[in-house]
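Colleague: I should like a close look at a single part of this model, followed outward into whatever surrounds it. Please begin with one residue and let the account widen from there.

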Amino acid sequence: MQRMGMWMIRLGEDEVERRLPDGYLIRRMLGYAAPYKGRITLAVLLTVVGAAFGVSGPYLLGVAINDFIANKDVQGLMWVSLAYAGVVVADWAFGSLRMYVTAWLGDRVVTDIRRMMFENLQRLSLSYFRRRQVGWLISRVMSDVNTVNMVVTSGLLTSLNDLLMMGAMLVVMFVLNFWLAVVAILVVPLVVLATWWFSSRARVSFRDRTKKMASVSSEIEQSITGIRVIQAFGREREAQRSFERVSEEYVDASLSAARVTSSFRPIVEVLEVFGTSLLLIVGGAWVSSGALMVGTLVTFMVYSSRFFWPVREITMLYNSLQEALAASERILEVIDTEPEIKDPQGAVDAPAEIREAVFENVSFEYERGTPVLREVNLIAKAGEAVAVVGPTGAGKTTLASLLVKLYLPTEGTIRINGIDIARIRKESLRRRVMMVPQEPFLFSGTVMDNIRYANPDMSEQDVFTAAKALGIDGRMRRLEAGYNTEVIEGGVGLSTGEKQLISIARAFLANPSVLVLDEAMSSVDPDSEQVVRSAMQRLMKGRMVIIIAHRLSTVVTADKICVIEEGRIVQEGTHEELLRQGGLYRELYETMVGAEREASIPLAKHSPDSAN
Amino acid sequence: MWSTLLRVGRYAKRYWSYVLLSGVMVLTISGTEGLSPLITKFVIDTAISSGDFNTLLMFVALLLGMAIVRGVARFVTMYVDSYVSNRVGFDLRSDLFRSLQYQSFAFYDKARTGQLISRLTSDVDEIERFLGWMVPFFFINLTTFLISLVMMFSVDFQLSLVSLLSFPLVLLVATKFPSVIGPIHDEIRRTYGHLTATVQENLVGVKTVRSLACEQKELLKFNSVAGSLLDLSIEGDRLRALFLPLMSLVLGITTAYFVLYGGQEAISGRVSIGSLVALVGYLSMVLNPIRMFGFMLERSRRAVAGATRIFEIMGTKAAVADRPNAVEITGARGQVSFEDVSFSYAGQPAVEKVDLWARPGEKIALVGRTGSGKTTIVNLIPRFYDVTSGRVTIDGTDIRDLKVASLRRLIGVVPQEPFIFPTTLRDNITLGDRSYTEEQVIEAAKAARIYDFVSSLPKGLDTTVGEMGVTLSGGQRQRIAIARAAVKNPRIVLLDDSTSSVDVATEKEIEVALGELLRGRTTFIITHRLATASRADRVVMVDSGKVAAMGKHEDLLRKSKAYRELFADQIADGASEG
C-alpha cells in the first residue's frame with residue numbers, strides 16, 4: 001500500500017532477539033514465493049535487460065558528442081539519436097513490465113501469507129489466545145506481512161535492479177577510462193559510511209518516536225473509550241493535561257528524529273557534489289590536455305549522478321532486511337503453531353442425537369500446579385436440565401468449556417453416548433453441543449445476520465418464527481431498526497441483555513442436541529428471562545440443557561443441580577433435596593432469599609420456615 | 001478545499017518566523033541548484049577548452065561552495081519544517097482532543113471509537129506530513145522550476161522553446177494519474193481497514209467462533225475481503241506500472257530530440273557542447289517538478305480530506321454546554337425534581353412526560369424491563385443528555401442554569417458496566433485527582449469493600465490494572481466504581497445496580513458497600529431486584545419511557561398487577577419456601 005519508501009518509520013518497532021537463524025527464515029519466506037517461480041524468473045530477466053538499457057543512454061550521449069558532434073557527422077548523429085530514443089522506449093517498456101510483475105508478486109504472496117496465518121488462527125485452541133493480545137495478533141497479520149512485502153518487493157527487487165545498474169555502469173566506466181572511473185567512485189565509501197552511520201542513528205531515534213506515538217495512541221484510546229467516566233466525574237481538564245503531556249513527549253522525540261534525518265540528506269548531497277567536483281577537475285584537466293574526450297566526461301558525469309542514490313538505498317536495505325526478518329519470524333510463529341487440541345486420526349463425528357454426557361474423574365488446570373477442576377464426576381441425560389452453581393472462580397465456566405473441547409481435561413475422560421470426546425471431531429461436537437459464552441459477542445452485520453449466523457440458510461421467516469417461539473420477537477422488533485439494526489463494534493448501542501438474548505437465539509437456531517448456557521442470561525431482566533426460560537423448556541424437550549448460573553432463581557426448576565466449590569462438585573440433587581441436605585447450597589440460597597423474602601412478605605401465603 | 005487549507009494555514013501562522021526562515025532557505029536551495037548546470041557549462045566551454053587549470057579550479061570550487069551552502073540550507077529548512085509541522089500537529093491534536101472532551105454522550109453514542117482515534121492519529125499525521133514535507137516540497141519544486149526555466153532559456157532560447165512541447169504531455173500524465181489512482185487508493189485503504197476489522201472481530205470473538213463452530217464461515221469472510229484487497233492492489237499496480245514510467249519516457253524522448261537537434265546546432269557551431277550538457281541538465285530539472293505535481297495534488301487532497309474531518313468534529317457544538325449566565329452550585333441539599341420531562345433521542349421519544357422527585361437523602365428505585373428508559377431518565381440528572389422539554393431541577397434550580405462541571409461534582413455515578421482504566425488502582429479511584437488524601441482514598445476503598453483485596457496486593461493501591469496478571473473480576477470492578485463515587489463524597493448518587501456477573505457472596509459484599517455509599521445521600525437506583533426495590537423510599541416503575549406506577553414497594557405490590565408480574569419469579573422464590 002505505502003510504497004513511498006518510508007521504511008525508516010517502520011524501523012521503530014520493538015526488536016526482540018531472534019531465535020531462528022536468518023538462513024532458515026529466508027528459506028521459509030522464499031518458499032511462499034515458490035508457487036510463482038515463472039513470474040520471479042520473468043522479473044529477474046526484466047531487471048537484467050532493463051539495467052542494460054538504463055546504462056546505454058548516457059553512453060550514447062557521450063558517443064554523440066565524441067564521435068559525431070566533434071566530427072560534424074550529421075548522419076551519424078541522426079542514428080545515435082534514434083538509438084537513444086530506441087533505448088528510452090525499451091527502458092520504458094521493460095521498466096513498466098518489471099514494475100507490474102514485482103508488485104503483482106508482492107501482492108500475491110502477501111495475500112497467501114495472510115490467508116495462511118488466518119487459517120491457522122482458526123485452528124488454534126483457546127489456550128493460544130489466552131496468552132496473546134488481540135492487538136498484537138492483528139499487527140502480525142496486517143503490518144508484519146506488509147513489512148515483509150515492502151522490503152522484498154520495493155527493497156530487494158529494486159536493489160537488485162540498482163545493483164545491476166551500478167555493476168553495468170562500473171563496467172562501462174572502467175572500460176572507457178580506468179583512472180577516471182577510480183576518481184568517480186572515490187567518494188562511494190564515504191557515502192556508504194555516512195549512510196550506515198545515519199541509518200543506525202535514525203533507527204534508534206525512530207524507535208523512540210514510535211514508542212512515544214504508541215503512548216499517544218493509547219492515551220487517546222483510553223480517554224475515548226472511557227469518556228463517559230471522565231465526563232461523569234468532571235475530569236476533562238486533567239485528561240487534556242495528561243494527553244498534552246504525552247503529546248509533547250512525542251513532539252520532542254519526533255524532533256530529535258528530525259534532526260538526524262535533516263542532516264543526512266545534505267551531507268550525502270555535499271559528498272556527491274564533492275565527487276562530481278573531483279571528476280570535473282581531473283577529467284577537465286585531461287580533456288584540456290587532450291587525454292580525454294569531452295563526451296566521455298559527460299557520460300561519467302551523468303553516471304556519477306545516478307550512482308549515489310542506489311548506494312544509499314542498498315546501504316539502508318540492511319536495516320530493513322533485519323526488520324523484515326524479525327517480522328518473518330513473528331509471522332512464522334503464527335503459521336507454525338500447532339493447535340493444542342487436534343482431531344486425532346480416525347476421529348469420528350458427534351452422534352446426531354446425544355443421549356448422555358458423562359464426566360469421569362475430570363481434572364483440569366490452565367497453569368501447572370493450580371487445579372481449576374478436581375476429579376469431577378457428572379452425568380447429564382437427554383431431556384434433563386442440569387444446573388451448575390457455585391461461587392465465582394469455582395470452575396463452572398471451565399466445566400462448560402471442557403464439554404465442547406475448548407480445552408482438554410488434564411486428567412479423566414468426558415464421554416458422549418459412551419464415546420470419549422477426545423475421539424470426536426471438535427467441529428462436529430460443537431455443532432451438536434452448543435455453548436453460549438458468558439460475554440455475548442455479536443458479529444458485525446445486522447441483528448438478523450447474527451441470529452442466523454450458525455445457520456445462514458434460514459429464511460427471515462424462519463428467524464421470526466423461532467424468535468417468537470423463544471419469546472424475544474417483540475424485543476427484537478423494538479430495537480432501533482428492528483431485526484435490521486446494524487451491529488457495530490461488537491454491539492455498541494445494544495444493552496448487554498439484548499446481546500445475550502441475540503446470542504442465545506443464535507445458538508438455539510443452530511438446532512443443537514445439547515445447549516450449554518454459561519451465565520447466558522445474567523444481564524437479561526428477570527421478566528424476560530422467565531419468558532425465555534420457559535420457552536426453552538418447551539423447545540428443548542427431550543434434549544439436554546446445561547445451565548451455569550449464580551442467580552439461584554434460574555436453577556430451582558432444574559432436574560439436577562450440581563454445586564461446585566473450588567473445582568469440586570460438593571453437592572448434587574434437586575433443589576428440594578439440596579435444601580434438605582443443608583451445606584453450601586442452602587447457604588447460598590439463604591443469602592439470596594433472605595433479602596428477597598423480607599421484601600415479599602406481604603404476598604407470602606404462609607410463613608417460611610426453612611430460613612431460620 | 002481552500003477554506004480548509006486556509007484554516008490549516010492559520011495554525012501554521014503562529015510559527016510565522018519559522019515559516020519565513022524556511023522560505024528563505026527554500027529560495028537558497030533552488031537558486032544554487034538552478035545555477036549548477038550553468039557553471040558546468042562554463043567548466044566545459046571556458047575552463048576546459050581554454051586549458052586554464054586555475055579557472056577550472058575556481059569554477060569547481062564555486063560548484064562545491066554552492067553545494068555546501070545548499071546543504072546547510074537544506075538542513076535548516078528540513079528541520080524547521082518538521083518543527084513547524086510537529087507543533088501544528090500538537091496544536092491540532094490538542095484542540096481536537098479538547099473538543100472531544102466536551103462532546104455529549106449523544107455524540108459518542110453515534111461515533112465509532114476507531115474512527116475518532118484515527119481522526120486524532122492518522123488524520124493529524126497526514127496534515128503533519130503535508131505541512132512538513134509536501135508544502136516545502138511544493139515550493140522547492142516551484143522555485144526550481146521557475147529558476148531552471150529562466151536559466152534554460154537564457155542558455156539557449158531556441159532549443160528551450162522546442163522542449164516546451166513536452167510540458168503539456170508530462171503535465172497531462174502527471175495530473176491524470178492521481179485522478180485515476182486516487183479512487184483506487186481510497187478503495188484499497190478502505191478494504192484494508194475492512195480486512196483489519198474482520199481479523200479483529202474474529203480474534204475478539206474467538207470463543208464465540210469456536211462455540212458456534214463457524215470457522216469455515218469466518219474463513220470465507222476473510223478470503224472474500226482479502227480477495228477484493230488483492231484485486232484492488234493488482235489494479236493499482238497495473239495503473240502505477242502503466243503511468244509512472246510514462247514520464248521517464250517523455251523525458252527520454254525529449255532528451256533524444258535534444259541530442260539530435262542540439263547536436264546539429266552544435267555541429268553548425270551555434271551552440272556549444274557545454275550549453276548542450278547544461279540544457280540536458282535543465283530539462284530534467286524543469287520536467288521533474290511537473291511530474292511531481294500530480295503526486296503532490298494527491299497528497300494534498302488526502303491532507304485536506306483529513307483536515308475536513310477534523311474541523312468537522314471541532315465544529316460540532318457540544319450538545320450539553322454551559323449557558324452564558326450559568327452559575328456554580330455549591331452546598332446543595334440534594335433535592336431532585338423532574339417536572340414534565342420529555343426527551344427524544346434520534347427523533348424517537350425516549351422519555352415522555354415524567355414527573356418525579358426525590359427529597360434530600362431519599363432513595364428512589366427505578367424498575368422496569370430492559371429498554372424501558374430507566375437509564376435514560378437517570379442520565380438526564382448529570383446532563384449526560386439534555387431534556388427536550390420540561391425541566392430537571394436540583395434544589396429548585398433548573399440544572400441547565402448550572403455550570404456542568406459544578407453539577408457533576410455533586411453527583412456520583414456507578415454505571416452498570418464500570419470502565420476501568422489501565423492505570424493504578426489509586427488513579428482508578430481518584431481518576432487522577434491528586435487533591436484527595438491517602439486517608440480519603442483508603443476510606444473510600446474500605447467503604448466499597450475493596451480495601452482487603454487492594455491491601456493483599458504487594459503494591460497495594462499503586463498496582464497497575466492488567467500488570468503482572470492483576471485482573472479484576474466483575475465484582476471487583478464494580479466495587480472500584482463504587483469507591484470512585486464514594487471518594488467524591490457526592491450529594492446525589494446514581495446507581496445502575498448490576499450484580500449480574502457476580503455470585504451471591506460477592507453480591508452481598510457489594511450490597512454492604514453500597515449501603516455505606518448511599519447513607520444520607522439522595523439516590524436513584526436502577527434495579528432488577530425486588531429486595532433493593534423494597535428498601536427504597538419510593539419505587540418508580542418505568543414502561544416505554546413513561547412512569548407506569550410510583551409509590552412505596554408494599555403499595556405497588558398490592559395495587560399494581562404489572563409490578564407483581566415484573567417480579568413474579570422473585571416473589572415466587574421467596575414465597576415458595578413456606
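Modeller: The model is a predicted one, and the account begins with M316(A). M316(A) counts as buried because 22 other C-beta atoms lie within 10 Å, where the threshold for burial is 20 or more. The residue belongs to helix α11 of chain A, which covers residues 294-336. Once its neighbours within four places in sequence are set aside, M316(A) is in contact with T195(A) and S199(A). A distance along the same chain gives a sense of placement: F359(A) is 43 residues away from M316(A) in sequence, and their C-alpha atoms are separated by 61 Å.

F359(A) falls within the range of strand β1 of chain A, residues 356-367, and this strand pairs with β2(A) in the antiparallel sense over 8 bridges. One pair on this ladder places A357(A) opposite A380(A) of β2(A). The two strands are part of an open, antiparallel sheet of 4 strands in chain A, ordered β2-β1-β4-β5. Its edges are β2 (370-381) and β5 (419-420) of chain A, each of which pairs on one side only.

The edge strand β2 of chain A also holds E375(A), whose backbone deserves a remark. E375(A) is not a glycine, yet its phi is positive, at about 40 degrees. This residue is classed as partly exposed because 15 other C-beta atoms are found within 10 Å. Another positive phi in a residue other than glycine occurs at R449(B), with a value near 60 degrees. R449(B) sits in the loop between α14 (438-447) and α15 (451-456) of chain B. With 23 other C-beta atoms within 10 Å, R449(B) is therefore buried, whereas E375(A) is partly exposed.

Chain A has a further open sheet, this one of 6 strands with mixed pairing, in the order β6-β9-β10-β3-β11-β12. The edge positions are taken by β6 (433-436) and β12 (568-573) of chain A, each pairing on one side only. From one strand to the next, the twist averages 15 degrees. At the β6 edge, β6(A) runs parallel to strand β9 of chain A (residues 514-518), and 4 bridges join them. Within that pairing, V436(A) has L517(A) of β9(A) as its bridge partner. Helix α17 of chain A, residues 496-509, packs on this sheet and touches β6 and β9 of chain A; the directions of the helix and of β6(A) make an angle of about 175 degrees.

The nonpolar interior can be described next. The largest nonpolar core contains 327 residues, and those with the most contacts inside it are A387(A), A505(A), V516(A) and L366(B). Helix α4 of chain A, residues 74-123, supplies the largest share of this core, with 20 residues. A second core, separate from it and made of 5 residues, includes M25(B), I29(B), A73(B) and I140(B). Returning to A387(A), and again leaving aside neighbours within four places in sequence, its contacts are I547(A), A549(A), V555(A), A558(A), I561(A) and C562(A).

Chain B offers a strand that may be examined residue by residue. Strand β7 of chain B, residues 492-496, is largely enclosed by the rest of the structure, because 5 of its 5 residues are buried. In a regular strand, side chains alternate between the two faces of the sheet. In β7(B), I492(B), L494(B) and D496(B) point one way while V493(B) and L495(B) point the other, and all are buried. Strand β6 of chain B (residues 411-414) pairs with β7(B) in the parallel sense over 4 bridges, and V413(B) has L494(B) as its bridge partner there. Strand β8 of chain B (residues 522-526) also runs parallel to β7(B), joined to it by 5 bridges. On that ladder, T522(B) of β8(B) stands opposite I492(B).

Finally, the arrangement of the chains may be considered. The domain assignment of chain B gives domain 1 (1-155) and domain 2 (336-576), and the C-alpha centres of these two domains are 56 Å apart. The contact between the chains takes 138 residues from chain A and 130 residues from chain B. On the side of chain B that touches chain A, 70 residues are nonpolar, 34 are polar and 26 are charged.

How values were computed
Residues are numbered from 1 along each chain as its sequence is written. Chains are lettered from A and ligands numbered from 1 in the order in which they are written. This is a predicted model: local features need pLDDT of at least 70, side-chain atom pairs count only at pLDDT 80 or more; totals for chains, interfaces and linings use all residues. A nonpolar core is a set of buried Ala, Val, Leu, Ile, Met, Phe, Trp, Tyr and Cys residues joined through C-beta atoms within 7 Å. A residue is buried if 20 or more other C-beta atoms lie within 10 Å of its own, exposed if 12 or fewer, and partly exposed in between; C-beta atoms are placed from the backbone. Two residues are in contact if their C-beta atoms, placed from the backbone, lie within 7 Å. Two strands pair if DSSP finds at least two bridges between them. Axes are lines fitted to C-alpha atoms, for helices over the stretch in contact, and angles run from 0 to 180 degrees between N-to-C directions. Ala, Val, Leu, Ile, Met, Phe, Trp, Tyr, Cys and Pro count as nonpolar, Asp, Glu, Lys and Arg as charged, and the others, Gly among them, as polar. Domain bounds come from an automatic or database domain assignment.
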